[in-house]
Structure formats: structure tokens, C-alpha cells
Amino acid sequence: MGGAVVDTGDSGVKAPDGGWGWAVLFGCFVITGFSYAFPKAVSVFFKELIREFGVGYSDTAWISSILLAIIFCGPICSILVNRFGCRPVMMVGGLFASLGMILASFSTSIIHIYLSTGVITGLGLALNFQPSLIMLNRYFSEKRPLANGLAAAGSPVALCCLSPLGQVLQYKYGWRGGFLILGGILLNCCACGALMRPLKAPKKTSEVDEKEKKSKPKPKLLDFTVFKDCGFLIYTVAAAIMVLGLFVPPVFVVSYAKELGNEDTKSALLLTILGFIDIFARPTCGIIAGLKWVRPRCVYLFSFAMIFNGTTDLIGSMAKDYPSLVVFCIFFGISYGMVGALQFEVLMAIVGTEKFSSAIGLVLLVEAIAVLVGPPGAGRILDATKNYMFVFLLAGCEVVLAALVLAICNMLFIKRKPQQPDPPAKMEMAITETEMEELNKEPKDNQDNGGGDNGKKQAIEHEAMAKSDDKKVEEPESIGVDSIEVENTSKKMTEPNGVVVEPESSL
């Protein structure tokens, strides 16, 4: 970064793994909570909207679907982040998120809410969610799995807070007043964006800065070279398959409980149980992923989490009473938290810091398509079969298939680089620099004092030979004494009178 506070991922600045990074983690925690929990919290107002505009439940459900799909609109955010940096993009996104909810409070038709809450608020949350993950990746390296787990815990925490808050606001102020107050709450995204302070490199001289600016290529707004990475392709395909079934059980579990004859309040308690378990599962999984012997195999831990989640869906499809659904929600909360804590950690490990901003945008775009297809597809199966068992079976099979694709393809197509032996340590010279200078020094009066100088050279040579014997140097070029003796011998000349002189000194 050359001393300037710019927001690039290839600056070479070492991640501090703490310090201001904890403030960045807090901001990411809040943003993740808003991004994942807000589409579900808005559903609290659906009954009021149905009564106000005379529409059906399926029409109001499109509000959450559009909102969630726009949040996953990654490439636009990647381009803006690579062009302007994370902090300004997040602060503008906070304004958009708040503006959308404020405008929605003055809506006169359901279409207006689609555009305001769905598109504008969704775009604002998208401009916060992705940059917060990018900054978290830049501030944490060794502790990154733990940081990702803690940040991901914002989703269940916010869900436990926003849903009851929405019910209270609806009861006291109606849906219009509730939307207006929620719009004010979303202004906190701007404060979280202000926490995303770019890393600053050590100061350098102006000449070095100018050379770096000239030699450094312009950063790409969207780096499509990530598709050349086989690991990224495998991850993207697996993530798309996973998202088809991952969000289906939380959407249908309450309806499933009602179908079994349970009360509305009792059925809604299942989501509270799921969210409570999820809060503790994500940080715990982050700690496990950060262990030395686990972190290099984080991809396989992610695969195990998906298999755990899919198997839970398959077994949960057999539930016939409320206690069985409670057990299902406990195990689903654990596995769901593991997946949430690991999905972006694995992506960071695959593509690295420099390409992460582009990679996450492209992955979220693929996931957005899968989000629009998954729950509605499950709903059609439910309409056709009138049986929730098939919905959970399909979701479980999709998640397990994603785990198998990720694990098997990594074993088959990702070649591990063999560990190269450490380069041999450089052989130390047997003669120190001071001794070399003394050996190469030209005597002023060699002809008169040749015996004295030669005696001094011989003493130095004997001392050097003793040092070389102690260090047991094997390479011939590292034995400084022998090479110097040969050179000196070749340079010596014998005069007719028997006096040995140096050629240079004789000149």
C-alpha cells in the first residue's frame, strides 16, 4: 500500500490478528446478523400487509425472497469494493438499507414494498455483508477460523432479537411505524462501516512509492481468473447444491409442527431452540477449525458438517410428534451452525486474501440463484404430495450430495504440493572477513620484509585451517584456506638470488 491508507487486499501487510481487528469483528457480527435475520424478521408483518393490501400469503412471501436474493447479489459489490474500498461502500450501503425501510413505510401497494424493502434495502445490506467479510479476512489470519465463527454467530443472535422486536413494534405502532423504526435501526450499518479501517503499511520514501505506483498493475474490478482455480470451481458447485436444501428445514419446520397438531406458539418455539443452539455451535466450530491439525483439513471438516446436516434432515423426516421435532432442531442447530461458521473460512483458505473480494461475489451470485430455486421448489413438492417427509428427504439428499462432491473432488483433483526439504544451510567460510583482508593486503616492502609478512600469513592460515577442521566443512569451495594457498603459490615467483617475491609487489 506504500504508506497510503488504501483498501487493497494485496498490500503485503501482515494481518494483526487482534487489536483493531476485534472492532472489525464486532462490526461484522452486527452486519451478519442484519443480513441473515432481517428477511425473516420482516415476515412478522406479513399478516398486517395481507390485510392492508388484500393480497395472499404467497405475494407477501416474495418480499423476503427478493430481499434475500438481492443480499446475495455479489459481483456488483465486488466491483464497488475493488474500486472504492470497503469502508465507503459499507457506509453508503447503510444509507440505502435505512432508506428502503423508510420509503416502505409510505407504500400504497405491495409493488412499492417489493421495490423499497426488497430491492433498495436488500442492496444496502448486500453492500454491507460482503465488505465486512473481506475486512475480517484481512485483519485475521492465524485466528481467522475463530473470527469467522464469532462473526457468523451474529445471525442467530439477531434473529432472536429482531423477531420479538418486530412483534412489539407491530403491536404498538402498526406495520408502518414498525418499518420506520427498523429503518432507523439499520442506520447502525453506517457505524459498523466506519469501523472498517483499512490496514496501513509502513511508511516508505517517496521515490519507492513512485516506483511502486508505476510498476504495480491496476487492480481488476472483478477477477475472473479465480475460475482457473480447480478448488474454487469445486467449492462453487458444492455450495450451489448445498444451498438448494440448506434453508428448506428452517422455513418448513414450524408448518410441519402445526401439521402434526401443535399450537402456533409451541410450534414457533422450535425456531427459538434452533437459533439458541446455533449461537453456541458457530464459535465452537470456529475454535475447532483453528486447531493446528484441523485447519489444513478444513475442507473435509466442512464436508463432515454438511453430511451431519443432511443426515439430520433425513432422520428428521421420520418425526411424528413434537419431542422428535425438538431433538431434530437441536441437532439441526448444531450442524447448521457448523456449516455457517465454515463456509466462508473454506473459501478464504482456497482463494487467498487477494482474490477473495471477487471470489465471494461470484459465489454469492451462484448461491442467490439456488436460493430462489430451493425453497419454492420444495414448496411445489409439498403442494403435490401433501407430505412434509418428502420435503425434508429432498433437502437432506441435496446437502449430502454437496458434501460428497466437495470431499471426493478435493481428494481426486486437488494435488497436494509435496513438502520440499528445507534448503541446506549456507556453509560458513572458514576465514573471517578480517582475516581475508589481512591475507590479501599487499606489503609495502615485500622484498625487504618478505619473511616477516610470510610468517604472519602462515600464522593466519594455520588458525583458519584449525577453524575449518572444527566446523567440518565438506564442500571444497567453502574451504577458504586451500584455495587461497593455491592462489598465493601460483602468484609467487622466485628471483635468481633465491628471494621469493609476489608478482604485484615486484612490479
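Me: A salt bridge is a side-chain nitrogen of Lys or Arg within 4 Å of a carboxyl oxygen of Asp or Glu. What makes E52 and R176 a salt bridge?

Reply: The closest N and O atoms of E52 and R176 are 3.5 Å apart, which is within the limit of 4 Å, so the pair counts as a salt bridge. E52 lies in helix α2 and R176 in helix α8 (residues 154–185), 124 residues apart, and the pair therefore links distant parts of the chain; helices (H or I, at least four residues) and strands (E, at least two) are DSSP runs, numbered from the N terminus. The structure is a predicted model, in which local features need pLDDT of at least 70 and side-chain atom pairs count only at pLDDT 80 or more, whereas totals for chains, interfaces and linings use all residues. Residues are numbered from 1 along each chain as its sequence is written, and side-chain values use heavy atoms, with hydrogens and water left out.

Me: How do you know which residues of α2 are buried and which are exposed?

Reply: The test is relative accessible area, with buried meaning under 20%, exposed over 50%, and partly exposed in between (1.4 Å probe, protein chains only). In helix α2 (residues 46–53), F46, L49 and F53 are buried. These three cover an arc of only 60° around the axis, which puts them on the same side of α2, the arc being that of the directions from the helix axis to the C-beta atoms. K47 and R51 are exposed on the other side of α2. R51 has a relative accessibility of 59%, so it counts as exposed, while E48, at 25%, is partly exposed.

Me: What joins the side chains of E48 and R51?

Reply: They meet in a salt bridge with an N to O distance of 3.0 Å, and both residues lie in helix α2, 3 residues apart, about one turn of the helix. Just after α2, G54 takes a positive phi of about 65°.

Me: Why is the separation of D278 and R282 described as about one helical turn?

Reply: D278 and R282 are 4 residues apart in helix α13 (residues 264–289), and therefore are separated by about one helical turn. They form a salt bridge whose closest N and O atoms are 2.7 Å apart, and D278 and R282 are both buried. R282 also comes up beside A341 of helix α15, since the C-alpha atoms of A341 and R282, 59 residues apart along the chain, are separated by 5.1 Å. A341 touches N148, G149, A152, R282 and C285, leaving aside residues up to four places away in sequence, where contact means heavy atoms within 4.5 Å. At 2% relative accessibility, A341 counts as buried.

Me: What makes phi of D17 stand out?

Reply: Most residues other than glycine have a negative phi. D17 has a positive value, near 55°, and is not glycine. D17 lies in the segment before α1 (21–42), and its relative accessibility of 14% is the reason why it counts as buried.

Me: Why is I408 eligible for a nonpolar surface patch?

Reply: Patches are made of residues with over 30% relative accessible area and no salt bridge, with like charges joined within 9 Å and nonpolar side chains (Val, Leu, Ile, Met, Phe, Trp, Tyr) within 5 Å. I408 has 40% relative accessibility and counts as partly exposed, so its value passes the 30% limit. The patch consists of I307, L404, I408, M411, L412 and F413, which together have about 600 Å² of accessible area by the Shrake-Rupley method with a 1.4 Å probe, only the protein chains shown counting as cover for residues. Helix α16 (residues 388–413) gives the most to it, with 5 residues.

Me: How do you know where to be cautious about the coordinates?

Reply: The guide is pLDDT, the predictor's confidence in each residue, from 0 to 100. The chain has a mean pLDDT of 77, and 75% of its residues reach 70 or more. Over residues 418–435 the pLDDT is below 50, and beyond near neighbours in sequence this stretch has 25 contacts in the model. Residues 442–452 also have pLDDT below 50, with 7 contacts beyond near neighbours in sequence. Where pLDDT is low, the predicted coordinates should not be read in detail.
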